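Reader: I have a structure in front of me and would like to learn how to read it, feature by feature. Could you take me through it slowly?

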Amino acid sequence: MMHLRMEFIKLGLVKMERQKMTQDSDNKNNETANISRPLNFIHQIIENDNASGKFKKRVHTRFPPEPNGYLHIGHAKSICLNFGTAEKYNGLCNLRFDDTNPTKEEEEYVNSIIEDVKWLGFDWDDRLYYASDYFDKFYAYAIDLIKKGKAYVCDLTAEEIRQTRGSLTEAGKESPYRNRSVEENLDLFERMRKGEFPDGARTLRAKIDMASPNLNMRDPVMYRILHAAHHRTGDKWCIYPMYDWAHGLEDSIERITHSVCTLEFEDHRPLYDWFLDELGAYRPQQIEFARLNLTYTIMSKRKLLELVQENFVKGWDDPRMPTISGMHRRGFTPQSIRNFADRIGVAKRESIVDVALLEFSVREDLNKHALRFMGILNPLKVVIDNYPEDWEEELDAINNPEDESAGIRKIPFSKVIYIEKTDFMEDPPKKYFRLAPGREVRLRYAYFITCTDVVKDETGNIIEVHCTYDPATRGGDSPDGRKVRGTIHWVSAKHAITAEVRLYDRLFTVPNPLGDKAGGDYKEFINPDSLKVLHNCLIEPNLKYAKSGLQFQFERLGYFCIDTDTTDDNLVINRTVTLRDTWAKIAKKH
């Protein structure tokens with residue numbers, strides 16, 4: 001038995017490697033399929049640029065996260081778009097950290113982002129950059145604008161700047177410090193850098209047009225004073241660039257061709273162009289697309305941080321979180337996320353995608369690759385009275401009906417087995433085809449059994465079921481041709497191993513937690529049943545040596561994976577997704 005089990009473990013490792021090869025093949029097939037698909041509007045722009053010779057037919061994109069939190073499924077869409085676009089056009093894609101706010105950035109976030117992008121299957125070769133790599137260049141460019149009379153040091157507070165900015169229907173008011181001389185501005189800006197002023201005392205602002213219909217062009221702040229240590233530069237700087245100032249310069253320095261951003265930056269594009277044009281610098285083309293909005297999910301990093309800090313979840317990688325690390329831990333595959341990103345496409349208009357589509361993508365991919373096992377989450381003891389007392393045997397079970405090459409495994413069978421409590425009813429309704437008194441069912445890969453008796457405790461709960469089996473039906477078929485309508489899964493009592501199983505579900509009870517008609521705080525809609533922990537579940541012994549990260553299907557129950565909390569003494573299993581969309585039924589009922 002041990003020999004067979006070890007052989008299966010080897011098969012599992014081979015299977016995992018084969019799965020990777022299959023996914024690589026799927027990637028190539030997807031690339032081939034993409035050739036015949038209609039182009040999204042971003043790719044159409046690139047096609048036009050290549051046809052006209054713009055950028056000399058180069059395609060160079062970037063994924064520029066801020067290291068102030070873990071990446072989520074919305075970022076995954078952007079990762080797939082930027083790296084996928086570079087792949088499609090034989091171009092390049094950089095990974096660049098916009099680390100311009102030291103008070104919110106941590107090395108932990110940097111490391112998690114690098115790991116997530118790699119896990120999704122993308123590589124940036126030697127093109128890993130940081131905005132902080134360019135702080136000296138940013139400062140020099142700011143000096144250039146001051147010398148041209150296009151930037152000035154302003155003493156207004158943040159609140160005063162906001163009050164004088166104006167509105168969509170009213171022009172802003174010029175700062176009383178707007179017309180300082182170039183010499184005074186250069187002196188004050190250098191003193192800002194040297195740390196002579198406290199936080200918030202002064203800013204460097206672009207000198208554009210306080211009457212512009214675009215509020216972003218009304219003398220935006222380029223630098224603020226912030227006496228805070230940076231995770232890479234330490235205490236070298238006490239002035240830090242604003243995102244609008246840094247963004248275009250980073251793209252220009254790296255010779256990006258197409259700077260793909262989410263839609264909220266559309267109104268910032270004139271400022272992006274203005275900075276680069278005033279400096280006479282190389283200018284990429286900024287293109288905006290609609291960010292991902294997903295039902296039963298929030299995407300705000302600030303709110304996700306609240307969930308972590310207030311212990312609504314157990315960290316950024318909690319499997320209920322929409323973070324890439326959370327989905328990884330839950331058992332999602334990189335290919336399923338890439339397939340999802342491909343399915344939802346790229347648009348200019350905001351919309352909400354049903355999370356069921358993401359779950360479908362996970363089921364679809366795992367169905368192709370996941371090994372099958374049997375596990376009992378809520379055990380009910382079954383004694384097969386006419387099975388020999390000391391006899392046990394090994395039966396053949398299919399590892400994956402979708403993949404012949406996965407082969408078969410051996411599972412032990414004995415006189416006492418366990419089935420799911422829900423697979424037995426003493427007084428079943430119509431269309432219940434599982435085990436019941438006097439009824440015959442098929443044990444998956446084993447025998448036909450018929451219920452003959454039940455044993456109850458003092459409160460009337462069924463604690464044991466007695467059956468007989470038909471030895472001629474070994475393997476699950478009857479030589480006389482009789483049919484049974486129900487097939488149930490099981491494990492051998494003598495050989496089963498125990499496990500802790502965590503049943504994860506959607507974190508929120510309403511499709512739009514941030515804007516539901518019911519109103520209120522999004523935390524009011526947290527699903528109290530988003531995690532159920534089951535102890536002493538009984539699992540077939542082939543999983544005894546499974547390692548963290550293994551993805552598989554418990555037959556008839558759903559897709560699962562081995563959690564990182566697993567130890568030699570405690571097997572912990574996460575439910576990735578159910579076999580069917582049970583939420584659709586719940587929604588229909590209500």
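Author: What follows is a short conversation about a sheet, some helices, the nonpolar cores and the salt bridges. Please keep in mind from the start that this is a predicted model.

Reader: Let us begin with the sheet: in which order do its strands lie?

Author: Reading a sheet means following its strands from neighbour to neighbour, and here 7 strands form an open sheet in the order β19-β16-β17-β18-β12-β15-β20, with mixed pairing. Because β19 (487-488) and β20 (491-492) each have a single partner strand, they stand at the edges, and one side of each is left without a neighbour in the sheet. At the β19 edge, strand β16 (residues 440-443) runs parallel to β19 and is joined to it by 2 bridges, and Arg442 has Thr487 of β19 as its bridge partner.

Reader: Turning to helices, how many residues of helix α8 are buried?

Author: In helix α8 (residues 243-253), 8 of the 11 residues are buried, so the helix is largely enclosed by the rest of the structure. Among them are Trp245, His247 and Leu249, and also the charged-type names Glu250 and Asp251. After α8 comes Arg255, whose phi is positive, near 60°.

Reader: And against what do the buried residues of α10 pack?

Author: Helix α10 (residues 301-309) has Lys301, Lys303, Leu304, Glu306, Leu307 and Val308 buried, and the buried residues of this helix pack against α3 (73-88). Just after α10, Asn311 takes a positive phi of about 60°.

Reader: Since α3 has now appeared, is Gly74, which has its place in that helix, buried or exposed?

Author: Gly74 has a relative accessible area of 16%, and because buried means under 20%, Gly74 counts as buried. Leaving aside its neighbours within four places in sequence, Gly74 is in contact with Leu292 and Met299.

Reader: Which residues touch the most other members of the largest nonpolar core?

Author: The general idea is that in soluble globular proteins nonpolar side chains tend to be buried together. In this model the largest nonpolar core has 38 residues, of which Ile73, Ile79, Val117 and Leu294 touch the most other members. Several elements each supply at least two residues of this core, including β2 (92-97), α4 (107-119) and α13 (355-369), while α3 gives the most, with 6 residues. Not counting residues up to four places away in sequence, Ile79 touches Phe63, Leu71, Gly84, Val117, Leu120, Phe122 and Ile324. A second, separate core of 35 residues includes Met192, Ile239, Tyr272 and Phe275.

Reader: How many salt bridges does the structure hold, and how should I read one of them?

Author: Side chains of opposite charge can pair when their charged atoms come close. The structure holds 49 salt bridges, and in one of them the closest N and O atoms of Glu87 and Arg338 are 3.8 Å apart. This pair links distant parts of the chain, since Glu87 lies in helix α3 and Arg338 in helix α12, 251 residues apart. Glu87 is partly exposed, with a relative accessible area of 41%, whereas Arg338, at 16% relative accessibility, counts as buried.

Reader: Where in the chain do Lys456 and Glu426 lie?

Author: Lys456 lies in strand β17 (residues 448-456), and Glu426 in the loop between β15 (416-420) and β16, 30 residues apart. Their salt bridge has its closest N and O atoms 2.9 Å apart; Lys456 is partly exposed at 40% relative accessible area, and Glu426 is partly exposed at 37%.

How values were computed: Residues numbered from 1 in each chain as written. Predicted model: local features only at pLDDT ≥ 70, side-chain atom pairs only at ≥ 80, totals over all residues. Heavy atoms only, no water. Pairing = 2+ DSSP bridges. Helix = DSSP H or I, 4+ residues; strand = E, 2+ residues; numbered from the N terminus. Buried < 20%, exposed > 50% of the residue type's maximum accessible area, 1.4 Å probe, protein only. Contact = heavy atoms within 4.5 Å. Core = buried A, V, L, I, M, F, W, Y, C linked by side-chain atoms within 4.5 Å. Salt bridge = Lys/Arg side-chain N within 4 Å of Asp/Glu carboxyl O.
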